[in-house]
Amino acid sequence: TDGKGGGGGGGVISVAVKLPTGERLQRRFWDNTPLTDIFEFVDVNLDRVKKPAGSSGFVLAVNFPKKVFTREMATESGVSLAEEGMGPEPQLLMFQWADTDI
């Protein structure tokens, strides 16, 4: 494949998650990837970020249009990245501890 498609005809979306440290986690996902997979991707890389005492988890957000994604919302809806309006341009998601302001 040329990196522009595949996996049943879906496209590829480049996702970068900006952590509180300023570091970015980057990976490419098929556009039909469930949003919950992004949360799992961040989870396996959280050893790089110190969790504040009393934090109940994290959310991901996009700045424009302003939208906040919670793990619960992603799990309940089962939506894919494409269904959330992501792609094909690179996507920047902001990581934020759930009990702090974005």
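The exercises below work through one predicted model, each with a stepwise solution.

Local features need pLDDT of at least 70, side-chain atom pairs count only at pLDDT 80 or more, and totals for chains, interfaces and linings use all residues. Residues are numbered from 1 along each chain as its sequence is written, and side-chain values use heavy atoms, with hydrogens and water left out.

**Exercise 1. The chain as a whole**

Task: State how many helices and strands the chain has, and give their order.

Solution:
- Step 1. Apply the rule: helices (H or I, at least four residues) and strands (E, at least two) are DSSP runs, numbered from the N terminus.
- Step 2. Count them. There are 2 helices and 5 strands.
- Step 3. Read from the N terminus. The order is β-β-α-β-β-α-β.
- Step 4. Add burial. Of the 102 residues, 37% are buried. Buried means under 20% relative accessible area, exposed over 50%, partly exposed in between (1.4 Å probe, protein chains only).
- Step 5. Add surface. About 6000 Å² is exposed, and carbon and sulfur atoms supply 50% of it. Accessible areas come from the Shrake-Rupley method with a 1.4 Å probe; for residues, only the protein chains shown count as cover.
- Step 6. Look at contacts (heavy atoms within 4.5 Å). Among those with a separation of 6 or more, 60% join residues 24 or more positions apart.

**Exercise 2. Strand β1 and its partners**

Task: Find which strands pair with β1, and in which sense.

Solution:
- Step 1. Set the criterion: two strands pair if DSSP finds at least two bridges between them.
- Step 2. Take β2 (residues 24-30). β1 and β2 pair in the antiparallel sense over 7 bridges.
- Step 3. Fix the register. Isoleucine 13 has phenylalanine 29 in β2 as its bridge partner. Lysine 18 stands opposite arginine 24.
- Step 4. Inspect the hairpin. There are 5 residues between β1 and β2, and glycine 22 takes a positive phi near 95 degrees.
- Step 5. Take β5 (residues 91-97). β1 and β5 run parallel, joined by 4 bridges. Here alanine 16 stands opposite leucine 92.
- Step 6. Check burial. In β1 (residues 12-18), 5 of the 7 residues are buried, so the strand is largely enclosed by the rest of the structure.

**Exercise 3. Two residues at 0% accessibility**

Task: Place phenylalanine 39 and leucine 60, and list what each touches.

Solution:
- Step 1. Phenylalanine 39 is in helix α1 (residues 35-43). Phenylalanine 39 counts as buried because its relative accessibility is 0%.
- Step 2. Leave out residues up to four places away in sequence. Phenylalanine 39 then touches Phe58, Val59, Leu60, Phe69, Thr70, Arg71 and Ala74.
- Step 3. Take one distance. Threonine 70 is 31 residues from phenylalanine 39 in sequence, yet 8.8 Å away in space, C-alpha to C-alpha.
- Step 4. Leucine 60 sits in strand β3 (residues 58-62). Leucine 60 also has 0% relative accessibility and so counts as buried.
- Step 5. With the sequence neighbours up to four places away left out, leucine 60 touches residues including Val17, Ile38, Phe39, Val68 and Leu93.
- Step 6. Leucine 60 and tryptophan 97 are 37 residues apart in sequence; their C-alpha atoms are 8.8 Å apart.

**Exercise 4. Glutamate 84 and glutamine 91**

Task: Decide whether glutamate 84 and glutamine 91 are buried or exposed.

Solution:
- Step 1. Glutamate 84 lies in the loop between α2 (71-77) and β5. At 17% relative accessibility, glutamate 84 is classed as buried.
- Step 2. Beyond neighbours within four places in sequence, glutamate 84 contacts Leu35, Lys67, Phe69, Met73 and Val79.
- Step 3. Glutamine 91 belongs to strand β5. Its 12% relative accessibility means that glutamine 91 counts as buried.
- Step 4. On the same exclusion of neighbours within four places, glutamine 91 contacts Ile13, Ser14, Val15, Ala16 and Met86.
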